Amino acid sequence: MAKQGEEGFLGFLELHDRRRRHAGSDRRRRMEDSRADGRNPNQLRPFSCTRNPLDRAHGSARWAQGDTIVLAAVYGPKPGTRKGENPEKASIEVVWKPMTGQIGKQEKEYEMTLKRTLQSICLLTVHPNTTTSVILQVVGNDGSLLPCAINACCAALVFAGIPLKHLAVAIGCGVLEDGEVILDTNKAEEQQLKSFAHLVFPNSRKSASSKQPNQKEEDSERGLITSITHGVMSEEDYFSCIERGLAASSRISDFMRTTLQKQAAGDEELKAVV
Amino acid sequence: MDSRKPPPSALVDNHVVPGDVVLDLAEMTNQTIKLGAGLRQDCDTIQATSAGRLRLSKPNKYWVESSQKRYVPSVEDAVLGVVVDTKPDNFLVDIKGPSLAFLPVLAFEGGTRRNIPKFEIGTLIYARVVKANSIMNPELSCMDATGKAAEFGQLKDGYMFDTSTGLSRMLLSSPTCPVLEALGKKLSFEIAVGLNGRVWVNAPSPSNVIVVSNAIIKSESLSGIGQRSMVESLLERLS
Amino acid sequence: MDHHQRWRPTVNEREFIERALQSDLRVDGRRPFDFRRLKILFGREDGSAEVQLGDTRVMGYATAQLVQPYKDRPNEGTLAIFTEFSPMADPAFEPGRPGESAIELGRVVDRGLRWWSPEIAVWESRAVDMESLCVVAGKHVWSVRVDLHILDNGGNLIDAANIAALAALSTFRRPECTVGGEDGQQVTVHDPEVRDPLPLTIHHLPIAVTFAYFGEGNIMVIDPTYKEEAVMGGRMTATINSNGDVCSIQKAGGEGVMSSVIMQCLRIASVKAADITSKIKNEVNSYTSAKALQKVKRLPASALKKDNAPDVAMKEGSDVALETQSTKASSDGQQINKEPPSVVKDNKQEDVEPMLTECNPEAQSESRLTAGESDEKQEVISPKSLKDAVKPKHKRKKKQHKNS
């Protein structure tokens with residue numbers, strides 16, 4: 001049925017983004033110290049998303065942020081809820097599959113975080129007494145694994161047609177020893193962080209309403225959905241993470257929007273530098 | 001502004017994603033709008049709940065058109081169902097929805113307690129959705145609105161396969177979509193398309209059934225021209 | 001919950017699949033002895049491969065750690081295959097509960113590759129050399145683990161999983177070890193950045209080829225889809241290498257099949273095995289040469305920035321005992337020394353499109369000519385640390401071969 005194209009889509013979107021990125025790096029000249037992989041602190045790795053790479057799953061997405069790759073599959077909604085779940089609402093179950101070995105405490109926490117995050121974006125009253133299963137397979141891990149997984153799940157839920165209040169957009173923010181915040185951290189960077197925050201925001205939205213809020217207002221309306229932090233950071237550092245993360249989440253939102261629009265025009269992998 | 005003719009949403013025929021505000025009710029007065037699939041009301045706004053193209057059927061019906069592997073039942077849709085169980089009053093039928101559909105054993109033309117059809121598990125049925133809401137199981141009928149069997153009922157022989165709901169809509173669109181038109185010029189076959197993303201094809205020779213099925217499956221991501229040339233090459237291999 | 005059931009065909013599908021087969025037709029347009037399209041993709045890390053056989057998808061991931069060998073096989077490393085049918089692949093697969101078919105699949109793949117089955121004390125087909133995985137006899141051997149993740153069940157999981165295991169093992173690299181010290185028992189695990197990690201010695205590629213039987217066992221097809229599997233009367237998997245050796249034949253029940261039909265199957269299987277073998281070899285070769293090329297490209301740039309000391313991922317310094325990795329593996333208290341770790345710094349120039357380059361260009365041993373100008377240069381190019389190479393996971397699992 002729905003199959004992905006193997007070749008990436010590298011069209012106007014990327015050119016546009018490249019331009020923007022260069023403009024951005026000029027503005028931030030003072031932050032000369034670029035990261036080990038050449039990115040500036042606010043720069044994300046190239047993102048790509050493949051729609052419905054799996055045949056049997058009701059919706060699936062392969063989401064890559066650089067070399068971190070997560071495959072997410074959705075089955076459902078299927079009739080009935082498990083014991084202990086409220087049958088008056090739709091229930092969501094999450095299964096995490098690591099690349100090797102059994103799942104441990106870390107993966108259990110990922111499952112729990114994902115479940116709660118997805119519950120908050122799904123409209124649970126549309127299909128009461130049903131269960132939707134979300135299964136994640138780690139395909140590559142080069143840092144920011146949980147944010148990548150959340151983005152993958154969100155895309156897979158949309159492809160499966162699960163009714164959502166809005167999208168969830170996740171970003172990994174790392175705080176370096178000197179308090180500098182870097183976004184979409186890779187594995188090597190994560191080993192040098194003082195602390196980090198994995199943040200999830202609602203997507204930035206289009207509105208048909210005549211009163212167009214400006215970007216600032218719009219951003220401030222997007223409240224934090226999930227925040228998982230590790231390590232000690234100052235209050236200032238944390239708010240710096242939120243501010244940067246929120247700004248980055250608008251760019252990820254744009255990427256997600258373009259990806260989801262692609263679905264009508266056939267199944268292609270979408271790549272972009274965001 | 002004429003209050004009975006609401007201005008269409010600025011996003012009509014555009015792509016929307018969940019959370020997009022499609023209509024702002026605060027800006028409208030005394031207007032009735034109808035919401036179809038993929039939309040919900042949240043306070044003063046109408047928001048998208050799924051990704052796809054926003055459609056407006058004049059004067060006032062909005063919905064989000066998208067393509068999925070699963071189906072959300074909607075009244076008057078013609079669907080292909082598979083019998084999974086038989087109860088005294090109903091057949092339980094899988095229509096790829098969130099819950100099983102009921103097909104009352106009497107919902108057949110001239111149906112009485114004496115002539116209840118015998119359907120084994122795995123029987124394929126072409127039926128119409130007559131009830132659909134999120135709380136109760138959807139209900140099917142094998143009669144049209146006037147109580148006639150029309151084309152509804154069991155489909156025997158042939159081959160059934162799954163498609164996306166978008167592909168089903170394309171197959172049912174008029175004028176006839178390129179893939180069916182191109183196939184129909186060279187081969188004779190019967191086809192039943194369920195809006196729930198199932199297609200049944202029958203023809204005297206199995207090879208024709210296979211060609212038609214594969215042509216339809218492959219047409220999903222192709223343009224009209226692509227569909228025609230794909231059918232050409234499939235037919236060449238057949239001869 | 002009906003969705004947890006195995007996929008069931010409609011009456012129409014069941015009858016049509018059988019009727020079409022009477023005239024040698026298959027519903028996906030294939031002829032009886034055609035395989036579906038095979039695609040092999042490799043991940044960023046060595047030893048990870050994804051196989052697509054039609055709609056069927058399996059990911060294989062090979063890792064290794066140092067362990068103590070079994071008392072009765074002191075000179076041999078170990079190989080364990082782990083399979084779980086992920087609920088991702090099929091709604092009938094439930095998490096954490098390997099069904100019958102998962103067990104069968106694991107065993108068939110395992111027998112093709114294994115050196116020795118300790119449970120029943122027999123030689124298996126010995127595809128992967130175990131003696132070369134021995135570091136210190138009776139003390140340290142490499143234990144190789146292959147995780148097979150079934151991602152999409154389009155049917156014939158055995159053949160796809162087998163190819164995924166072979167592809168993963170063919171690109172897997174383990175760190176080089178040297179033995180020294182006063183007692184001659186001290187093991188140094190070399191950082192993959194300093195000394196090229198080593199491939200496994202694979203003597204032959206045992207290819208699983210599955211046949212499905214229909215009717216009274218007189219109709220057969222190769223590489224069945226999940227729809228055909230739901231209708232078939234039985235199945236046989238022949239594992240054959242390109243020399244034509246039969247490594248395993250698996251047929252658990254089902255319709256009885258005449259030996260003349262089995263002979264025909266084996267003839268066909270050996271032709272298919274040769275095709276698939278060359279496909280795997282070609283894909284592995286192009287992967288390894290692409291990786292070697294990446295490394296060559298990156299050398300000049302990386303050599304320039306060698307002095308970027310503040311960005312080391314691992315502290316430069318004296319020998320650090322690999323307590324996390326090794327002491328759990330070898331409880332006898334021997335110290336395993338790690339070579340002074342290298343400066344780990346990903347060097348990319350800012351004017352280069354920064355993110356489209358891979359950061360993992362370890363050269364393969366085959367690529368020494370191009371990559372091996374000096375060890376020093378290699379030191380600086382990859383951000384991978386020793387921790388990545390010597391997976392410290394499952395330290396306590398010494399009996400993992402029994403779980404496979």
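Trainee: What makes the 4 strands β1-β6-β7-β3 of chain B a sheet, and is the sheet open or closed?

Mentor: In this predicted model, the 4 strands of chain B form an open sheet in the order β1-β6-β7-β3, with mixed pairing; strands here are DSSP runs of E of at least two residues and helices are runs of H or I of at least four, both numbered from the N terminus, and two strands pair if DSSP finds at least two bridges between them. Because β1 (15-16) and β3 (34-35) of chain B each have a single partner strand, they stand at the edges, and one side of each is left without a neighbour in the sheet.

Trainee: How do you know that β6(B) and β7(B) are joined, and how do they run?

Mentor: DSSP must find at least two bridges for a pair, and 5 bridges join β6(B) to β7(B), which run antiparallel. Within that pair, L54(B) stands opposite V64(B) in β7(B).

Trainee: Before we go on, how are the names and limits of the model set?

Mentor: Residues are numbered from 1 along each chain as its sequence is written, while chains are lettered from A and ligands numbered from 1 in the order in which they are written. As the model is predicted, local features need pLDDT of at least 70 and side-chain atom pairs count only at pLDDT 80 or more, whereas totals for chains, interfaces and linings use all residues.

Trainee: Why is N52(A) called buried?

Mentor: A residue is buried if 20 or more other C-beta atoms lie within 10 Å of its own, exposed if 12 or fewer, and partly exposed in between, with the C-beta atoms placed from the backbone. N52(A) has 25 C-beta neighbours inside 10 Å, so N52(A) counts as buried. Its place is in the loop between β2 (46-51) and β3 (59-65) of chain A.

Trainee: What is said of the phi of N52(A), and of that of D223(C)?

Mentor: Most residues other than glycine have a negative phi, and most peptide bonds are trans. N52(A) has a positive phi of about 45° although it is not a glycine, and D223(C), also not a glycine, has a positive phi of about 50°. D223(C) is found in the loop between β14 (219-222) and α4 (226-231) of chain C, and because D223(C) has 25 C-beta neighbours inside 10 Å, it counts as buried.

Trainee: Which peptide bond of chain B is called cis, and where is its proline?

Mentor: The cis peptide bond joins K58(B) and P59(B), with omega about 10°, and P59(B) is in the loop between β6 (52-57) and β7 (61-65) of chain B. In chain A, the bond from G76(A) to P77(A) is cis with omega near 0°, and P77(A) is placed in strand β4 (residues 68-79).

Trainee: How many helices and strands does chain B have, and what share of its residues is buried?

Mentor: Chain B comes to 4 helices and 16 strands, and buried residues make up 43% of its 239 residues. For chain A the counts are 6 helices and 11 strands, and 53% of its 274 residues count as buried.

Trainee: What is the domain assignment of chain B?

Mentor: The bounds, which come from an automatic or database domain assignment, give domain 1 (15-65), domain 2 (78-154) and domain 3 (159-238). The C-alpha centres of domain 1 and domain 2 of chain B lie 32 Å apart.
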